[in-house]
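Visitor: I would like to walk through this structure with you, one question at a time. Please show it to me before we begin.

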Amino acid sequence: MSGTWRDVLRVLLAMVLLVAGMGGASGALAQSTETVVAIAPAGAEVHLGEEITLAVEVLDAVDLYAVDVRTRFTPGIVEVTALTPGDLPAPEFIIRRVKNNSTGTTWYATSQVRPTAPKSGDGVIHYITFKGVVEGTAQLAITSYVGLGEFGEDRPVAQLVGTTL
């Protein structure tokens with residue numbers, strides 16, 4: 001075998017090993033963490049006329065750059081008075097911040113802006129402040145979550161955890 005062919009084979013073999021190694025590494029990374037989005041604190045209480053602020057938290061996020069979160073709550077028992085940005089991802093561009101007390105829904109979407117790097121770890125996506133309007137028990141559920149990386153790649157979530165007020 002000539003020297004040129006040997007060099008070509010070495011390069012091809014190195015590329016195959018590199019690609020195979022990258023596939024194994026990303027699979028291991030995907031299995032090592034499971035992202036969870038949850039309402040905290042769980043089981044919080046709000047009394048008639050009082051307000052309470054709950055956090056929509058993300059746990060074990062990996063390279064998160066943008067989020068779209070929708071929640072549903074029991075209208076008539078509580079009402080949302082404020083939706084406030086959190087810290088993960090950095091709320092540099094707020095796309096949606098909508099509360100609808102008639103339908104019992106919220107919609108919050110935000111993205112970072114370049115050159116900010118994607119964020120990983122635990123943090124608060126946003127805060128929801130509720131006011132008790134009548135005595136009773138209200139449910140709060142995360143009905144939709146979309147997490148994206150810097151280039152629009154999906155950052156799936158393993159579990160959505162709601163709570164009772």
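Visitor: Is D60 buried, partly exposed or exposed, and what is its relative accessibility?

Guide: Please keep in mind throughout that this is a predicted model. A residue counts as buried under 20% relative accessible area and as exposed over 50%, with partly exposed in between. The value for D60 falls in that middle range, so D60 counts as partly exposed, at 37% relative accessibility.

Visitor: Where is D60 found, and what value is its phi near?

Guide: D60 is found in strand 2. Its phi is positive although the residue is not a glycine, and the angle is near 60°.

Visitor: What is the phi of D63 near, and where is the place of D63?

Guide: D63, a residue other than glycine, has a positive phi near 50°. With a relative accessible area of 34%, D63 is partly exposed. Its place is in strand 2.

Visitor: How many helices and strands does the chain have, and what pattern does the chain follow along the sequence?

Guide: The chain has 1 helix and 10 strands. Reading along the sequence, one meets these elements in the pattern α-β-β-β-β-β-β-β-β-β-β.

Visitor: Among contacts between residues at least 6 apart in sequence, what percentage join residues at least 24 apart?

Guide: A contact here means that heavy atoms lie within 4.5 Å. Among the contacts in the chain between residues at least 6 apart in sequence, the share that joins residues at least 24 apart is 72%.

Visitor: Which peptide bond that leads into P89 is cis, and where is P89 found?

Guide: P89 is found in the loop between strand 4 (78–85) and strand 5 (93–100). The cis peptide bond, with omega near -5°, is the one from L88 to P89.

Visitor: Which residue has its backbone nitrogen 2.9 Å from a polar atom of the side chain of Q112?

Guide: Q112 lies in the loop between strand 6 and strand 7, and it is buried because its relative accessible area is 3%. Leaving aside neighbours within four places in sequence, Q112 is in contact with several residues, including P89, A90 and E92. The residue whose backbone nitrogen lies 2.9 Å from a polar atom of the Q112 side chain is A90.

Visitor: How many salt bridges does the structure count, and which residue pairs with R114?

Guide: Side chains of opposite charge can pair when their charged atoms come close. The rule asks for a side-chain nitrogen of Lys or Arg within 4 Å of a carboxyl oxygen of Asp or Glu, and by it the count comes to 3 salt bridges. With closest N and O atoms 3.4 Å apart, R114 has as its partner E150.

Visitor: Where do R114 and E150 lie, and how many residues apart are they?

Guide: R114 is exposed, with a relative accessible area of 52%, whereas E150 is partly exposed at 25%. R114 lies in the loop between strand 6 (105–111) and strand 7 (119–132), and E150 lies in the loop between strand 8 (139–148) and strand 9 (159–161). The pair therefore links distant parts of the chain, its members being 36 residues apart.

Visitor: Which residue forms a salt bridge with D68, and what lies under the same residue at 3.8 Å?

Guide: The closest N and O atoms of the salt bridge made by D68 are 3.3 Å apart, and the partner is R70. D68 counts as buried at 18% relative accessibility, while R70 counts as partly exposed at 32%. R70 also lies over the face of a ring, at 3.8 Å from the ring centre, and that ring belongs to W107.Visitor: Is the aromatic pair of F73 and F130 stacked or edge-to-face?

Guide: The structure holds 1 aromatic pair, and both F73 and F130 are buried. F73 is in strand 3 (residues 66–73) and F130 is in strand 7, 57 residues apart. The ring centres lie 5.5 Å apart and the planes stand at 75°, so the pair is edge-to-face.

Technical notes: Residues numbered from 1 in each chain as written. Predicted model: local features only at pLDDT ≥ 70, side-chain atom pairs only at ≥ 80, totals over all residues. Heavy atoms only, no water. Buried < 20%, exposed > 50% of the residue type's maximum accessible area, 1.4 Å probe, protein only. Helix = DSSP H or I, 4+ residues; strand = E, 2+ residues; numbered from the N terminus. Phe/Tyr/Trp six-rings, centres within 6.5 Å; stacked < 30°, edge-to-face > 60°. Polar contact = N/O pair within 3.5 Å; in protein donor to acceptor, adjacent residues only side chain to side chain.
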